[in-house]
Amino acid sequence: MTRADHRLPTRRLTVAYVAALALIALLSGAVHLLLDHVIAQQRDSGTIINVAGRQRMLSQRIGLLARDFYEDHDEQARIPLLQAAAAMERAHRALLAGNGDLGITHGLSDAARALYFSPPTDLDRRTRDLILSVRILARGDEPPDTSAELRARSFADIRTQTRDVIIPLLDEAVRQFEGEAAQRIDGLRRAQQGVLAILLTTLLAEALFIFRPLVGGLKLSAARLYDMATRDALTGLPNRRHFLEVAGREVRRRQGAGQPAALLLIDIDHFRALNESLGPEAGDRALDQFGRLLQGWLRQGEVAGRIGGRAFAVMLPDADLMDATARAEGLRRAVGAAPINGQATLAWTVSIGIARISAPPAPGAPDAEVPGVGTGEGGGGGGGGGADLADALRRAGQALDAAKAAGGDRVQVDTDGARSPPLQAS
């Protein structure tokens with residue numbers, strides 16, 4: 001797969017992610033606008049219902065003040081009567097026009113217009129007639145010969161309207177406005193719920209088709225990076241740092257339970273001669289084959305790693321020196337029985353040093369020096385299991401040196417500093 005092929009899914013995911021974010025932002029804005037519109041509709045509907053209800057109260061007040069003024073001859077009722085009529089007229093015009101006066105911004109619906117302008121209700125005409133009758137009654141500005149008669153008729157009309165006609169019609173108008181408000185708000189809420197459903201569906205689709213592949217790709221990349229940081233590229237075994245970390249952790253755990261453990265340090269014999277005679281590619285093949293052989297030889301719970309150029313280490317949990325020696329001999333024979341790349345003419349051998357993982361050394365003891373490797377990444381200090389492992393590496397390295405000095409192809413055991421005689425190749 002080319003570099004451009006690798007970029008293609010990433011580019012598609014990026015474009016899809018940006019598009020999904022834009023859609024989510026758009027839908028969120030739509031939800032906000034719809035919610036704001038619902039709030040405005042509720043406020044406006046409440047204002048309309050309040051003004052219509054106030055008209056009913058004003059009509060009752062007009063009837064009471066007209067009686068006080070006309071029948072009881074209370075002149076002090078004149079101005080309140082005219083004020084009530086003026087307030088009713090303003091409220092009536094605001095309801096009809098919907099021009100923002102008194103906070104009303106919506107005009108009449110078709111059903112409401114029929115209530116106000118069509119027979120038999122004709123609420124607009126009846127309201128205007130009531131207001132006109134109030135002004136005739138309270139002002140008395142007709143000629144003297146007709147004033148009394150007009151005022152009498154005006155009072156009679158006011159009484160009839162306020163008692164029997166206009167109040168039931170105003171009640172019907174309030175019910176009409178309440179029903180329309182509920183319908184508008186329900187419609188807006190349904191639209192809001194629809195947009196929310198689309199938003200949630202978009203989020204779900206984004207999670208399934210964008211974030212999930214994205215997170216999967218990130219996990220895969222993280223796993224690859226972790227593998228590159230912790231494994232030897234040639235053999236696939238843990239590298240020095242990772243081996244020391246895992247083995248040190250295992251040592252600390254088993255020391256707490258009082259369980260034995262042993263360390264094998266393995267070196268391929270005559271590796272430099274192999275490289276010089278057959279070339280570095282043959283040496284790489286030998287390392288790769290040994291890594292695969294070692295992984296197949298390991299048992300559950302055992303930890304192995306490549307800790308240097310041709311040096312490998314294995315930690316054997318639950319193994320004393322006798323068990324470790326038997327296991328090491330099995331590995332040595334398996335290597336001798338498997339020539340490099342299956343060619344019988346390319347035989348090879350390994351030397352193995354064994355040490356028991358003992359109690360921690362005295363404070364300040366140096367880290368382990370592995371033959372031909374050094375302590376490039378640290379021998380795993382830090383106290384506890386790390387110090388124990390470093391001491392075991394040092395002693396296993398000494399045992400390995402003794403095995404190689406004796407000719408190689410053998411296993412050498414170090415028992416806390418007192419080496420046993422090397423085991424000869426069988």
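**A tour of selected salt bridges**

Arg395 and Asp414 are both buried. Select these two residues to begin; the model on display is a predicted one. Their side chains form a salt bridge, with an N-to-O distance of 3.8 Å. The pair connects distant parts of the chain, since Arg395 belongs to helix H10 and Asp414 to strand E5 (residues 411-415), with their positions 19 residues apart in sequence.

Next, select Asp267 and Arg310. A salt bridge joins Asp267 to Arg310, and their closest N and O atoms are 3.0 Å apart. Asp267 sits in strand E1 (residues 261-268), while Arg310 sits in the loop between strand E2 (303-306) and strand E3 (311-317), so this contact ties together parts 43 residues apart in sequence. Which of the categories, buried or exposed, applies to Asp267? Asp267 is buried, with a relative accessible area of 2%. Arg310, by contrast, is partly exposed at 29% relative accessibility.

Keep Asp267 selected and add Lys404. Asp267 also forms a salt bridge with Lys404, where the closest N and O atoms lie 2.8 Å apart. Lys404 is in helix H10 (residues 385-405) and Asp267 in strand E1, so the pair ties together parts that are 137 residues apart in sequence. Lys404 is partly exposed, at 29% relative accessibility.

To finish, add Asp269 to the selection. Asp267, Asp269, Arg310 and Lys404 belong to one network, joined by salt bridges that share partners. For the wider view, the model has 26 salt bridges, including Arg395 with Asp414 and Asp267 with Lys404.

Notes:
Residues are numbered from 1 along each chain as its sequence is written. This is a predicted model: local features need pLDDT of at least 70, side-chain atom pairs count only at pLDDT 80 or more; totals for chains, interfaces and linings use all residues. Side-chain values use heavy atoms; hydrogens and water are left out. A salt bridge is a side-chain nitrogen of Lys or Arg within 4 Å of a carboxyl oxygen of Asp or Glu. Helices (H or I, at least four residues) and strands (E, at least two) are DSSP runs, numbered from the N terminus. Buried means under 20% relative accessible area, exposed over 50%, partly exposed in between (1.4 Å probe, protein chains only).
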